[in-house]
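Biologist: Could you take a close look at one part of this model for me, the charged spot on the surface? I'd like to hear about the residues behind it, and then about anything odd in the backbone.

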Amino acid sequence: MPAIETNSLSKRFGDVVAVDDLSLQIDDGEVFGFLGPNGAGKSTTINMLLDFARPTGGSATVLGYDTQDESQKIRKRVGVLPEGFDLYERLSGRKHIEFAQRAKGANGDPEEYLERVGLGGDPADRNAGDYSKGMKQRLAFGMALVGEPDLLIMDEPSSGLDPTGIREMQEIVRAEAERGTTVFFSSHILDHVEEICDRIGVMNEGELVAVGTLDELHAQIGGDAHLELSVDDVPEQTVDTLPDIAGVSGAAARNGMLDVTCTESAAKARAINHVEDAGTTVLDIQVEDQDIDDLFAELTGNGSTPEEEDAPEEVVA
Ligand SMILES: Nc1ncnc2c1ncn2[C@@H]1O[C@H](COP(=O)(O)OP(=O)(O)OP(=O)(O)O)[C@@H](O)[C@H]1O
């Protein structure tokens, strides 16, 4: 049974199609990164999975339960770290966990959850209002872990965290995944998901534009590779004929170099052979595979990488 399955799931807000015909399957035990720029439809998808928003089309199941008919059962087995969560400034970390336990009808030692998120000992009894941004995020994470959920849904869990906070968050996700919890991790920052996720789904303007492992994403989009050949001389005719080779999309000459763009890996060898067959000596070869950030930018039609867009926010502790 998949942990999450959506079938043509859609949501319209008037003229805005927030989620468009989303069909996605997330297996039990997977750490899945749900990636996309602002406004791509990630939160709306999560809201539909938790029945906070009703689809205008399609359907979904979470842990085998229908999201519209069996949402109570889903909420019992799912831990949620919402975007922009609220904490009670005057309640301690421990009280927050106890509150979450009561809400979920779960037992257990609150200290154990606080320790799992690095808030054991002294911080447990401090008021959440005195916590740093990272500590607040960890407390919200600890609350999501109450009741040992089978599935963790996290909406932008690293937003506003400094690099140390992000690393800690990733470590906690990893630890939970090792315990067998399925993790659905939404983010608009590729860096935050690529290391910890088994698979990534990329959303753009409500549509799922790619899904797979990082390697599969590279393959799906063609994974352009750039070949830089240092050559003894650059015959113009070769520049013209290189794009006729299968898998070569372009060629250009500059300063004794031949730049060749290949849309498939095997085309690199074919391009080199073609150049040498024309009587040119290849002196040196440099290969530059497309960077994953470029891939993301290409998939989401963004000129800049998500990291660049977000740089100022990311240094805020
Ligand atoms: N309640 C609403 N009413 C009208 N439009 C909405 C509503 N909620 C979301 N939208 C629109 O739906 C689209 C998708 O929004 P959504 O919040 O799901 O994106 P997102 O990928 O989660 O973005 P972010 O990373 O900024 O949270 C956006 O165009 C947004 O303006």
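**A negative patch and two unusual phi angles**

Modeller: Sure. Asp20, Asp21, Glu205 and Glu207 together form a negative patch on the surface, and keep in mind that this is a predicted model. Two of these residues can be placed in strands: Glu207 belongs to β10, which covers residues 207-212, while Asp21 sits in β2, spanning residues 16-26. Glu207 has a relative accessibility of 39%, so it counts as partly exposed. Asp21 is also partly exposed, because its relative accessible area is 48%, and a residue has to pass 50% to be called exposed.

Now for the backbone. Most residues other than glycine have a negative phi. Asp21, from the patch, goes the other way: its phi is positive, about 60 degrees, although it is not a glycine. Glu156 also has a positive phi, about 50 degrees, and is not a glycine either. Glu156 lies in a loop, the one between β7 (151-155) and α6 (163-178). With 7% relative accessibility, Glu156 counts as buried, since the limit for that is under 20%.

If you want a buried side chain to look at as well, try His96 in helix α3, residues 93-104. The relative accessible area of His96 is 1%, so this residue is buried. Apart from neighbours within four places in sequence, His96 is in contact with Leu87, Tyr88, Leu91, Ala128, Leu139 and Met143.

Notes
Residues numbered from 1 in each chain as written. Predicted model: local features only at pLDDT ≥ 70, side-chain atom pairs only at ≥ 80, totals over all residues. Heavy atoms only, no water. Patch = residues over 30% accessible without salt bridge, like charges linked within 9 Å, V, L, I, M, F, W, Y side chains within 5 Å. Areas by Shrake-Rupley, 256 points an atom, 1.4 Å probe, with all protein chains shown as cover. Salt bridge = Lys/Arg side-chain N within 4 Å of Asp/Glu carboxyl O. Lys, Arg positive; Asp, Glu negative; His and termini not counted. Charge placed at Lys NZ, Arg CZ, Asp CG, Glu CD. Helix = DSSP H or I, 4+ residues; strand = E, 2+ residues; numbered from the N terminus. Buried < 20%, exposed > 50% of the residue type's maximum accessible area, 1.4 Å probe, protein only. Contact = heavy atoms within 4.5 Å.
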